[in-house]
Amino acid sequence: MAVNSRIADFRNMSVGDRRKAVAASTGLDAQLFSQLDADAFGPEDAANLSENIFGVFSLPLGAATNFTINGTDVLVPMATEEASVIAAASNAARMARPHGGFFTSSTEPVMQAQIQLINVADPQAARTRVLERQAEIIDLANAQDPKLVEVGGGVKGLEVRLVEARTTTYVLVHLLVDVRDAMGANAVNTMAEAVSGTVAAIAGGDALLRILTNKADRRLSRARAVFDRELLGGDQVIDNILHAYELAAADPYRAATHNKGIMNGISAVVLATGNDTRAVEAGAHSHALVDGRYSSLSTFERNADGDLVGTLEMPMPVGLVGGATKVHPAARAALQIAEVATAQDLAEMIVAAGLAQNLAALRVLATEGVQRGHMSLHAKNLAASAGANTEETAIIVDRLVEEKAFRFDRVQSILDELRSGVAR
Ligand SMILES: CC(C)(COP(=O)([O-])OP(=O)([O-])OC[C@H]1O[C@@H](n2cnc3c(N)ncnc32)[C@H](O)[C@@H]1OP(=O)([O-])[O-])[C@@H](O)C(=O)NCCC(=O)NCCSC(=O)C[C@@](C)(O)CC(=O)[O-]
Ligand SMILES: NC(=O)C1=CN([C@@H]2O[C@H](COP(=O)(O)OP(=O)(O)OC[C@H]3O[C@@H](n4cnc5c(N)ncnc54)[C@H](O)[C@@H]3O)[C@@H](O)[C@H]2O)C=CC1
C-alpha cells in the first residue's frame, strides 16, 4: 500500500492516535506497536546484546513526516533524546515536497577489511606477490561466508597499500567485500582473520591487525533535494543559508557544528533501526576531511529557478541483518515502518534525513536563530527535569514560550507558584 507521509496534525495527537495514524498510513498491523511498549525489551532480552546488564535504557522513538524519496512517500523512524530534531527533519522535508522530495542513489555496499603486515623485508615486491595470488586469497575469504556469497555478496577485489609510518613501511592488504544487506563488520573481520596467515606467508612477513576500516569510502549513499524558495522565506534567506554553508565549507570550527546538525538526523535513524551509530559516525567524520581539511559533508547551491539545492554524500554502513537489527523489537518495528527492502534503501533514507536535518538547522540559523524553535520544544524537558507533572508541564511550557525565558530558575519559580497556589 502507498504510504502517505503527510499526516494531518500528527504532532498534536496522543501516542495512541499516532500509532493508529502510522498504521493507517503504512498499512501495517497496529499490533506491531506492542513491540514498542516498555515490556517488549526487558533486561533479560538486553542481556543477549551486551554484558553486565541490570536494566534497559529507553529513548523516544518517533517518525519524521513529509518525506518523499525517489517518488515514494515514507515515514522516517528516528530515535533521539534531543528536542526539535524530528520536528526539524519534518519541517525541511515539507519544503522539499513541491519539488519531488529527495532523490537518492548509492554505490554497491562494499566494506573493506585491512590486514596489517609487519616485518616485510621487501614491501614493493610483497605487494606484487600478494596481487599475483589474489584469486587464491579471495576464494579462501569467500569460503568463510557461504551465506553472503549465496545472496550475491562476497569479496569483489583486493588491493595492497604501502603505508610509510615513523619507523617502517607497512604493507596493508585490503579485502573489498560486498556485504549486501549487512553492516558487514563481523563478516569482513572473519574473512580478514581467516586469510591473514596465507597473506603473511605470501608477502613474507607477519600479520598483525585484521579488522575492517570504518572509513567506508567504497560504500557511499547520496541524497539531493530542491528546497522551495517561497517556503524557505525568499531570496534573502537563501543568500544567508549559502553564507552559512560557505562558512562550513571553509572553517573547521563551523564545519564540526554543521556536520553535527547532519548527524542529528543520521544517528537518529541509525539508532532507531538497531544499527551501529559509532561506525556511521566514524565513517562520516573521516569522509569530511577534504584535501587535509575538515569540511562540510553537504553542499548547497542556488539552482537556475532560484530555489536552493542541497546534496549530501557520505559513507553509510548500515544493515537489515546482523547486529541488533533483528534482535531488538523496536528496531524491527522501525524497519517495518521505514518499509525498506534493502540495506541500500535504508542507507539512502538515512542520508535524506541527514540532508533535511542540515537544511532545517541552517534555515533557522540564517534567520531567527535556533533558540525559539528548539527551546520551545526543549521546554518540556526543562519542566520534566524540575519534577513537573503533565498538567504542570503544559502550563510551564506556555509561560516559558510567552516570556521567551527558557531558564531552569524560571521553570522552578513557576512550578513553586503553581504548587503554592499563587496566581500569576
Ligand atoms: C523546530 C522548528 C521545526 C519549528 O518551526 P516552525 O516554523 O515554528 O514550525 P511550524 O509550526 O510552522 O511547523 C512547520 C513544520 O515543522 C514541523 N514541526 C514543527 N513543530 C513540530 C512539532 N512540535 N512536532 C512535530 N513536527 C513539528 C512540521 O512538519 C510542520 O509542518 P506540518 O508537517 O505540520 O505541515 C524549526 O524551528 C526548525 O526546523 N528548527 C531547527 C531545529 C534543529 O535543528 N534542532 C536540532 C538541535 S540544534 C543542533 O543540535 C544543531 C545545530 C543547530 O547546532 C546545527 C548547526 O549549527 O548547523
Ligand atoms: N569497527 C566496527 O565498526 C565493528 C563493528 N562490529 C559490529 O558488527 C556488527 C555487524 O556485523 P555484520 O557482519 O553486519 O553482522 P553479522 O555477522 O551478525 O551478520 C552478517 C551475516 O549475515 C548473513 N546474511 C544473511 N542474509 C544476508 C544478506 N541478505 N546480506 C548480507 N548478509 C546476510 C551473512 O552470512 C553475513 O555474514 C554490528 O553489530 C557492529 O556493531 C564489530 C566489530 C567491529
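This section describes the domain layout, the surroundings of ligand 2 and a surface patch in a predicted model.

The chain is divided into three parts by the domain assignment. Domain 1 is made of two segments, 10–106 and 219–367. Domain 2 covers 110–212, and domain 3 covers 374–420. Between the C-alpha centres of domain 1 and domain 3 the distance is 29 Å.

Ligand 2 is surrounded by 21 residues. Those that come nearest are D145, G184, A187, N214 and D276. Two helices, α6 (146–150) and α7 (185–203), each contribute at least two residues to the shell. The largest share comes from α7, with four residues.

Several polar contacts to ligand 2 were computed. The side chain of D145 places an N or O atom 2.4 Å from an oxygen atom of the ligand. Backbone atoms also take part. A polar backbone atom of D181 lies 3.0 Å from a nitrogen atom of ligand 2. For M183, a polar backbone atom is 3.1 Å from an oxygen atom of ligand 2. On its own, ligand 2 has 860 Å² of accessible area, and the protein covers 72% of this.

A nonpolar patch lies on the protein surface. F57, L59 and L271 form this patch, which spans about 320 Å². L59 sits in the loop between α2 (43–46) and β1 (61–69). The relative accessible area of L59 is 36%, so this residue is partly exposed. Patch residues need over 30% relative accessible area, a cut-off that L59 passes because its value is 36%.

Technical notes: Residues numbered from 1 in each chain as written. Chains lettered and ligands numbered in written order. Predicted model: local features only at pLDDT ≥ 70, side-chain atom pairs only at ≥ 80, totals over all residues. Heavy atoms only, no water. Patch = residues over 30% accessible without salt bridge, like charges linked within 9 Å, V, L, I, M, F, W, Y side chains within 5 Å. Areas by Shrake-Rupley, 256 points an atom, 1.4 Å probe, with all protein chains shown as cover. Salt bridge = Lys/Arg side-chain N within 4 Å of Asp/Glu carboxyl O. Buried < 20%, exposed > 50% of the residue type's maximum accessible area, 1.4 Å probe, protein only. Domains from an automatic or database assignment. Near = heavy atom within 4 Å. Polar contact = N/O pair within 3.5 Å; in protein donor to acceptor, adjacent residues only side chain to side chain.
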